[in-house]
Amino acid sequence: MSNSEFEHTVISNSSESIGSLDLSADVSRAAVGFVAGSRPKFSGETADLLRSRLTAVSLALIVILLAALLGGLVQQIENQLWFRVAILIALITCFFSLRSKHQFSLFQLRLFELIVFGIVVLQVSTMLVSRINEYAINNDVTSVIAIKYVFWGAWCILILIYGIFMPNTWKRGAAVMIPLSLMPFIILAVQSWWSPQVAKLLAQGASISPIPLPVVAAFVCIYGTHIINSARREAFKARQFGQYRLLNKLGSGGMGEVFKAEHVLLKRPCAMKLIKPGIVADTTAIANFEKEVKATAKLTHWNTIEIYDYGHTEDGTFYYVMELLPGLSLDELVNLQGPLPPGRVVHLLRQVCGALQEAHEAGLIHRDIKPANIFAAQRGGIYDVAKLLDFGLVKEHSNDHASIENESSYASFSGTPHYMPPEQAVAYQEVDRRSDIYALGAVAYYLLTAQPPFSEKNVIQLLAAHAKSEVVPPSKVNEKVPADLERIILRCMEKQAADRFPDAISLADALNQCKCATAWTNKMAASWWHENWKASTRDQGTMLHTNEVTIKMQSDQTVIQ
């Protein structure tokens, strides 16, 4: 069983949609905002969507028209060659303009829409007239009728493309698609008036359909436009949480989901963690979710993830908002690089000690220290800023027992077995700050060796190893581990809590005495990140973890949820 099998967080980059929320204000139809530009505008989303759709449609039309042009050249058909080349050049110009970094207003994008579809309509119209004239000269009634229906089909496809891909209200869609559906009939009527021969040939193939296909396509697309636009409005409204707008999903787990979000007034990117009624039936899980944010919100240390806000929506969804961190979890960092240099490990551990010391002084015991819950981030131009995450299993020392999590339904304990101190499995309610010291020592072991201190195949064996087995010194796994740092790690992982460092400050002081304590500098950290990590290839914030893991002891079987 791999280490990941004991982790309780599932990270997903899929952009799954969230359910519609019954908010009191329909932000997609808000007529005014308190400050100009302060509210999320549906037109802004329409502009973003229109640009992406126009880019895709332009590329598709370029491929289709280029293929048709090359096919004609192969068959030595050079009819309207230069005109068709000019149309292609215009489409290519539009495509690259839309692909550029230049910002376009919604009005400018509508002009692009007019140009893209207008020039295609122009080409299809001229080709229709040209082909019918060519066949009429030869008195080829079959080809004249056939080409009419071929172009009717092309017209229907063009209407469908516009109706499906272009974001519109049904009124605007009708204003565009009804005239567009009538254009081929107007063109044929004018051509018949101009050429009696064409009129004669077309009269021999009169349609028996009461409503021509282009008109049917237009009305179908108008209705489809209405359905699609209504769905977009509902989705837009559902993404608004008070002053926050959800962007894309970052991760999910047993306790809820994490989304990248934005404060609509400050335009500040953030991460929003939420849980909706019905996702977890156990009310204890929901209570723990609220306890996590309230506990974390008390902490102000630079190395603890910052909580911006929290609350409930009208449908009962609880959420809280936290800072969005660019970087990697220590678990991901080791997976990327392998064992970390001792100096870098000390640099990161000392920062975590600062965060833990504040939490411990506030009466909070983390109880889930592990590499995935410590983040190496970039903040304020400084790299390798350690951030302690996920206080979802935190134990609060308080005389008010009602405020402490109700764990009776869990039968035993919660945590991550690879880094869990012995006492957490047998006296879950009795853990103290020295339990976090043990877990941090196990994390240090992993950072230096790229493997946890114990690697047994199941949870029971892991817990037994933490309680009884001696830790293999990390220098036996990685000979580059210095002796002074090894002694600190082994003391952190003593079986008896009394034999460990008494608090995080004592551990930090010991780490400061290591010979490698100054070996890793901010300049070295910046250099490493610039060489090894590209922000453009990773969506900031995917480090955020939801929780909770619950280990239930049922006779001789352990279940991790």
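So, the hairpin of strand 10 and strand 11: there are 2 residues between the strands, and Gly380 takes a positive phi near 60 degrees. Strands here are DSSP runs of E with at least two residues, helices are runs of H or I with at least four, and both are numbered from the N terminus. Before I go on, this is a predicted model, where local features need pLDDT of at least 70, side-chain atom pairs count only at pLDDT 80 or more, and totals for chains, interfaces and linings use all residues. Residues are numbered from 1 along each chain as its sequence is written, and side-chain values use heavy atoms, with hydrogens and water left out.

Back to the hairpin. Strand 10 and strand 11 pair in the antiparallel sense over 5 bridges; pairing needs at least two bridges found by DSSP between two strands. Ile374 stands opposite Leu388 in strand 11.

What is the strand order of the open sheet? It goes 8-10-11, 3 strands with antiparallel pairing. The edges are strand 8, 327–329, and strand 11, 382–388, each pairing on one side only. Neighbouring strands in this sheet are turned by 25 degrees against each other on average, direction ignored. For angles in general here, axes are lines fitted to C-alpha atoms, for helices over the stretch in contact, and angles between N-to-C directions run from 0 to 180 degrees.

On the other side of strand 10, residues 374–379, you find strand 8, joined to strand 10 antiparallel by 3 bridges. If you want one bridge to click on, Ser329 has Phe375 in strand 10 as its partner. Then helix 9, residues 330–337, packs on the sheet and touches strand 8 and strand 10, with its direction at about 95 degrees to that of strand 8. Contact, by the way, means heavy atoms within 4.5 Å.

Why is strand 10 described as largely enclosed by the rest of the structure? Because 5 of its 6 residues are buried. Buried is under 20% relative accessible area, exposed is over 50%, and partly exposed is in between, with a 1.4 Å probe and protein chains only.

Okay, zooming out. The chain comes to 17 helices and 14 strands. Of its 561 residues, 51% count as buried. Take the contacts between residues at least 6 apart in sequence: 73% of them join residues at least 24 apart. The chain exposes about 26000 Å², with carbon and sulfur atoms supplying 59% of that; the areas are Shrake-Rupley with a 1.4 Å probe, and for residues only the protein chains shown count as cover.

Now the rings. Searching the whole structure gives 8 aromatic pairs. Rings of Phe, Tyr and Trp (the six-membered one for Trp) pair if their centres lie within 6.5 Å, and planes under 30 degrees apart are stacked, over 60 edge-to-face, the rest tilted. Phe104 and Phe112 make an edge-to-face pair, 5.0 Å centre to centre and 75 degrees between the planes. Phe104 counts as buried at 19% relative accessibility, and Phe112 is buried too, at 13%. The rings of Trp193 and Trp194 have centres 6.1 Å apart and planes at 55 degrees, so that pair is tilted. Both Trp193 and Trp194 are exposed.

There's also an aromatic cluster of Tyr149, Trp152 and Phe185. Lys148 lies over the face of Trp152, at 5.2 Å from the ring centre. Arg491 does that with Phe501, at 4.1 Å from the ring centre. The criterion for a charge over a ring is NZ of Lys or CZ of Arg within 6 Å of the ring centre and within 35 degrees of the ring normal.

Two buried residues to finish. Leu511 lies in helix 16, residues 504–512, and is buried with a relative accessible area of 1%. Which residues does Leu511 contact, leaving aside neighbours within four places in sequence? The list is Val346, Leu349, Arg350, Cys353, Leu485, Ile488 and Ala517. Leu511 and Val345 are 166 residues apart in sequence and 9.8 Å apart in space, C-alpha to C-alpha.

The other one is Gln123, in helix 3, residues 106–137. Gln123 counts as buried at 4% relative accessibility. Outside its neighbours within four places in sequence, Gln123 is in contact with Leu65, Phe83, Arg84 and Ile87.
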